[in-house]
Amino acid sequence: MKDRIIYLDNIRIFLISYVIAGHVSVAYGAIGGGNWYYIEPVNDMMTKAVLYLFDMLAYSFLMAMFIFIAGYFTPASFNKKGIFRFLKERGMRLLLPLILYYFLIGPVVKFISLKAKGEPAGFIEFLTGMYESGTYGYMGVMWFVALILFFSFAYAAYRLVFPAGFRKFESLSFPSNRSILLFVIALGLLSFLARILLPMGGGYLAARPLASMVLFATSFFLGTVAWQYEWLDKLGSKQARQWFITALIFMIAPLIIFLVLRKNVSFATIKGAGSLGSLLYSFWEVIKCVGTGMMAIVVFREYLNKQGRITAAMGRSAFAAYVIHPLVCVILMYAMSGISLHPLIKFGIVAPASLVFTFSVSWLMLRVPGLKHIF
């Protein structure tokens with residue numbers, strides 16, 4: 001198994017680019033913005049709807065796809081390096097950036113976002129208040145890195161107990177639609193039950209709903225299975241289109257319902273543990289991840305399986321871009337905070353600028369001796 005597969009590398013570039021643009025869209029009005037560092041108040045429902053659609057097309061499978069790809073490369077890496085070298089390199093590549101972000105980059109990003117909101121405190125005063133409150137850093141977007149680190153160590157522990165890995169059954173084809181449907185039903189129900197024990201609104205390291213952990217853990221596991229059975233080569237375009245159309249229907253329908261019934265429906269509707277809204281959301285989350293993820297694999301495998309010099313450089317610096325993008329985004333948002341423009345115009349300016357600056361800075365970071373071994 002190659003360390004890099006070009007179309008998967010290109011998917012990662014696309015996903016990280018969408019993470020960057022998506023966080024910018026949250027700042028300028030996307031529905032359900034959450035706890036992003038910097039958000040400008042927007043009352044225009046049309047602007048919110050446009051940015052929501054922009055978000056949902058990729059956010060429907062974004063982080064689950066990231067985790068799936070990480071799982072896909074894990075077995076080959078483990079087989080090649082053995083448990084001790086595998087754990088050492090995963091710790092170097094994941095734990096060190098996590099520590100760097102939590103204690104340095106995260107607090108700086110938080111401080112800049114507060115300055116953009118008009119907070120008068122200086123940086124030293126901010127740090128003093130942070131430590132006095134018992135907060136010693138900010139996890140932010142690095143919840144994803146912490147999760148991959150945990151899954152990697154869990155996989156290593158499994159291989160320590162079962163050195164041969166998963167039992168491989170003979171399979172000549174990609175799973176049938178019936179098998180996928182049964183998988184969707186089972187995972188949807190498990191996600192629903194998880195939200196009873198871990199209701200939405202709870203945080204994973206102060207950043208991510210614990211209820212989504214069922215989906216993320218399954219995504220990592222499926223990545224390892226997909227490597228074993230070579231599923232990515234066997235996935236057909238017809239089957240991917242069928243599930244993608246299903247996913248689109250499930251993505252657009254909630255927006256229509258929200259716009260029509262916005263006086264009676266809110267995002268709090270899906271947060272109730274054991275509620276009908278929570279049940280529907282659990283299946284919605286799984287179906288959109290399956291459909292858009294399958295389609296992305298087919299499209300990139302068939303049509304975007306090449307790299308030029310720029311995309312190759314972006315691929316090599318993609319992880320560094322993920323780590324530093326909040327800092328770049330918030331600096332640009334701060335620079336634009338005093339300018340009165342329509343939110344969509346600001347988004348149209350800040351999103352592409354954030355992409356260019358983030359990947360440029362991350363590329364330069366890898367030129368620094370020692371950093372390329374971490375990022």
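Buried residues have under 20% relative accessible area, exposed residues over 50%, and partly exposed residues lie in between (1.4 Å probe, protein chains only). The model shown is predicted: local features need pLDDT of at least 70 and side-chain atom pairs count only at pLDDT 80 or more, while totals for chains, interfaces and linings use all residues. Residues are numbered from 1 along each chain as its sequence is written, and side-chain values use heavy atoms, with hydrogens and water left out.

**Figure 1. Ala351 in helix α13 and its contacts with Ala21 and Val24.** Ala351 is placed within helix α13, which covers residues 343-365; helices (H or I, at least four residues) and strands (E, at least two) are DSSP runs, numbered from the N terminus. With a relative accessibility of 6%, Ala351 is classed as buried. When residues up to four places away in sequence are not counted, Ala351 touches Ala21 and Val24, contact meaning heavy atoms within 4.5 Å. A distance of 7.2 Å separates the C-alpha atom of Ala351 from that of Ile20, although these positions lie 331 residues apart along the chain.

**Figure 2. The chain as a whole, with 13 helices.** The secondary structure comprises 13 helices and zero strands. Read from the N terminus, the order of elements is α-α-α-α-α-α-α-α-α-α-α-α-α. The chain has 375 residues, of which 48% count as buried. Among contacts with a separation of 6 or more, 83% are between residues 24 or more positions apart.

**Figure 3. The salt bridge between Asp9 and Arg12 within helix α1.** A salt bridge is a side-chain nitrogen of Lys or Arg within 4 Å of a carboxyl oxygen of Asp or Glu, and the structure holds six of them. In this view the side chains of Asp9 and Arg12 are joined at 3.1 Å, N to O. Both residues belong to helix α1 (residues 6-27), where they are three residues apart, about one turn of the helix. Asp9 is buried, at 4% relative accessibility, whereas Arg12, at 22%, is partly exposed.

**Figure 4. Salt bridges formed by Arg301 and by Lys81.** Lys81 and Glu89 pair through their side chains at 2.6 Å, N to O. Lys81 is partly exposed, with a relative accessible area of 26%, and Glu89 is likewise partly exposed, at 27%. In a further pair, the side chains of Arg301 and Glu302 meet at 2.9 Å, N to O. Arg301 is buried, with a relative accessible area of 15%, while Glu302 is partly exposed at 46%. Shared partners link Lys81, Arg85 and Glu89 into one network of salt bridges.

**Figure 5. Packing of helix α3 against helix α4.** Two packed helices are described by the angle between their axes and the distance between the axes. Helix α3 (residues 62-116) packs on helix α4 (residues 123-132) at an angle of about 115°, and the axes are 11 Å apart; the axes are lines fitted to C-alpha atoms, for helices over the stretch in contact, and angles run from 0 to 180 degrees between N-to-C directions. From α3, the residues Pro107, Val108, Lys110, Phe111 and Leu114 meet Phe123, Phe126, Leu127 and Met130 of α4. The contact of α3 with α4 is made up of eight nonpolar, no polar and one charged residues, where Ala, Val, Leu, Ile, Met, Phe, Trp, Tyr, Cys and Pro count as nonpolar, Asp, Glu, Lys and Arg as charged, and the others, Gly among them, as polar.

**Figure 6. Gln239 in helix α9.** Gln239 occupies a position in helix α9, residues 237-260. At 15% relative accessibility, Gln239 counts as buried. Setting aside neighbours within four places in sequence, Gln239 contacts Phe174, Pro175, Ser176, Asn177, Ile180 and Met294.

**Figure 7. Glu230 in the loop between α7 and α8.** The loop that holds Glu230 connects α7 (213-229) with α8 (231-234). Most residues other than glycine have a negative phi. Glu230, not a glycine, has a positive phi of about 55°. The relative accessible area of Glu230 is 46%, so this residue is partly exposed.

**Figure 8. The cysteines Cys289 and Cys329.** Cys289 is buried at 13% relative accessibility, and Cys329 is buried at 0%. The structure holds zero disulfides, a disulfide being a pair of cysteine sulfur atoms within 2.5 Å.
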